[in-house]
Amino acid sequence: LGIGGMTCASCVSRVERALRKQPGVLDASVNLATETARVKATAGDAALAARLKRAVRDAGYEPRAIEADSDPDAERWLGIPRHAWPVLLAALLSAPLALPMVGDLFGKHWMLPALWQFLLATPVQFVLGARFYRAAWHALKARTGNMELLVAIGTTAGWALSTWLWWRAEPGEIVHLYYEGSAVVITLVLLGKWLEARAKRQTTEAIRALQALRPERARLLPDGVRRMEMVEVPVEELLPGDRIQVLPGERFAADGEVLEGHTQADESMLTGEAMPVAKAPGSVVTGGSLNGEGLVVVSVSASGAQSVLAHIIALVQDAQAGKAPVQRLVDQVAAVFVPVVLLIGLATLLGWLMAGAPLESAMQHAVAVLVIACPCALGLATPAAIMAGTGVAARHGILIRDAQALELAHRVQSVAFDKTGTLTEGHPRLLSLRAAPGQDDATLLSRAAALQAGSAHPLARAVVDAAKDKGLTWPEARDMQAV
């Protein structure tokens with residue numbers, strides 16, 4: 001289940017509690033980095049999915065579909081990703097407020113008038129920072145706390161203290177205001193949120209790459225209908241027993257068995273083997289693998305979520321959504337982090353007041369506690385590291401089944417491989433060429449490349465690539481026929 005609106009590890013624990021309270025739910029695990037929940041429940045409850053979504057919504061979050069291939073930054077305004085605009089605007093408004101601090105280092109006094117500071121800081125606080133107030137309100141309604149609540153309380157206190165000091169100042173009096181602190185904190189947290197979102201999208205590239213191996217449509221051969229009357233259907237509509245036609249150079253749309261035709265399949269996406277595998281009637285083919293030069297008819301045995309490729313994608317998603325032992329510890333700490341910080345902030349305020357400090361000074365120290373506790377690296381660092389690790393591994397053909405295996409991997413001293421054929425780049429290369437006496441290596445290679453240039457066979461491509469690497473040219477072969 002996809003979940004929108006989560007911002008920190010406190011949100012994670014709240015959603016998990018809401019899901020586990022539902023009848024029939026055995027366990028629920030929520031991942032902040034992937035913004036997903038994996039729920040284990042007893043079978044036979046048709047309304048369970050609806051109740052889970054309602055529970056997420058009642059907890060203050062948005063249930064949504066999981067879209068691994070979406071990229072919000074694909075939409076651009078004036079060449080800048082749409083989601084980067086709030087960060088950019090906040091930085092432009094905050095820069096004039098922060099520059100006077102730099103000037104102080106060089107003995108320059110660039111302090112803006114109080115009115116200008118107010119006009120620059122207010123839109124950052126209440127317009128660009130509105131997301132923090134919305135998230136804080138949801139947390140308060142659910143009688144809990146999150147990082148946005150700390151951001152909202154801390155920065156609002158700084159803004160309000162500055163406004164009050166400016167309002168009570170005598171005409172012409174220069175007062176020290178704290179607008180820049182609130183504005184800069186909101187800008188930095190917005191920047192952090194945008195970088196986190198970018199990191200999440202990059203770590204799901206492995207899943208998008210695997211999903212791209214599946215063709216979107218298949219040529220279906222209806223029973224008893226002549227071959228020329230085939231229809232194209234989305235692969236989601238294929239059923240076991242359907243007959244589909246696969247043209248040379250296409251990917252197999254589903255797992256199945258060859259009924260007619262002979263070909264060779266490139267299955268390196270699954271096995272890592274560089275050499276193509278001969279396929280004849282009765283041979284098994286895997287969805288997502290590449291058909292060679294033959295036209296074949298395949299009987300579908302599994303498609304959609306039951307296919308081998310779908311199981312591989314599910315393995316990667318499970319590993320990215322799973323929690324490592326260290327992350328469970330992080331979630332336990334984060335669950336009590338926000339209320340503890342609020343109590344420390346209140347104790348700081350009361351402590352300074354009891355020590356005889358003026359209200360302004362006591363407020364400054366209390367706000368400092370809240371502001372420093374704002375960024376939630378705690379809840380995101382561990383799941384982001386797990387996502388990055390599993391994503392990079394999947395891009396290199398290594399599938400990690402769970403997060404615990406990844407956490408324990410640093411202890412590995414030696415690795416045993418059951419066969420060497422899988423330890424390849426997935427395509428063959430021409431390593432050496434020996435010409436018969438009286439023949440020239442370059443001439444023979446160029447003639448071989450001329451013959452092989454018209455073929456899509458992996459060995460043919462290896463010969464052509466070798467000729468290109470040596471800078472050779474070759475004549476065009478005519479009347480070619482691949483047998």
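## Strand S10 and the six-stranded sheet

In this predicted model, strand S10 (residues 255-260) and S13 run antiparallel and are joined by two bridges. Within this pair, Gly256 of the chain stands opposite Val285 in S13.

S10 and S13 belong to an open sheet of six strands, ordered S8-S7-S9-S15-S10-S13. Pairing in this sheet is antiparallel. Strand S8 (231-234) and strand S13 (284-285) are the edge strands, and each of them pairs on one side only.

## The three-stranded sheet

A further open sheet has three strands in the order S12-S11-S14, again with antiparallel pairing. Strand S12 (277-279) and strand S14 (290-291) each have a single partner strand, so one side of each is left without a neighbour in the sheet.

Strand S11 (residues 263-266) runs antiparallel to S12, and three bridges join the two. One residue pair can be named here: Thr263 has Lys279, in S12, as its bridge partner.

## Nonpolar cores

The largest nonpolar core holds 26 residues, of which Val124, Phe132 and Leu190 touch the most other members. Two or more residues come from each of helix H3 (85-105), helix H4 (114-128), H6, helix H7 (179-203) and helix H12 (359-372). H7 gives the largest share of this core, with seven residues. Another core, of 17 residues, lies apart from it; Ile3, Val12, Ala18 and Ala37 are among its members.

Which residues does Phe132 touch, not counting residues up to four places away in sequence? They are Glu148, Val151, Ala152, Ile186, Val189 and Leu190. Leu190 is thus named twice, as a contact of Phe132 and as one of the core residues that touch the most other members.

In soluble globular proteins, nonpolar side chains tend to be buried together. The next section turns to nonpolar residues at the surface.

## A nonpolar surface patch

Trp164, Trp167, Leu346, Leu350, Leu353, Met354 and Leu359 make a nonpolar surface patch of about 810 Å². Helix H6 (147-168) and helix H11 (325-354) are the elements that give two or more residues to the patch. The largest share, four residues, comes from H11. Helix H6 also gives two or more residues to the largest nonpolar core.

Is Met354, a member of this patch, buried or exposed? Met354 is found in helix H11. Its relative accessibility is 74%, and exposed means over 50%, so Met354 counts as exposed.

Technical notes:
Residues numbered from 1 in each chain as written. Predicted model: local features only at pLDDT ≥ 70, side-chain atom pairs only at ≥ 80, totals over all residues. Heavy atoms only, no water. Patch = residues over 30% accessible without salt bridge, like charges linked within 9 Å, V, L, I, M, F, W, Y side chains within 5 Å. Areas by Shrake-Rupley, 256 points an atom, 1.4 Å probe, with all protein chains shown as cover. Salt bridge = Lys/Arg side-chain N within 4 Å of Asp/Glu carboxyl O. Buried < 20%, exposed > 50% of the residue type's maximum accessible area, 1.4 Å probe, protein only. Pairing = 2+ DSSP bridges. Core = buried A, V, L, I, M, F, W, Y, C linked by side-chain atoms within 4.5 Å. Contact = heavy atoms within 4.5 Å.
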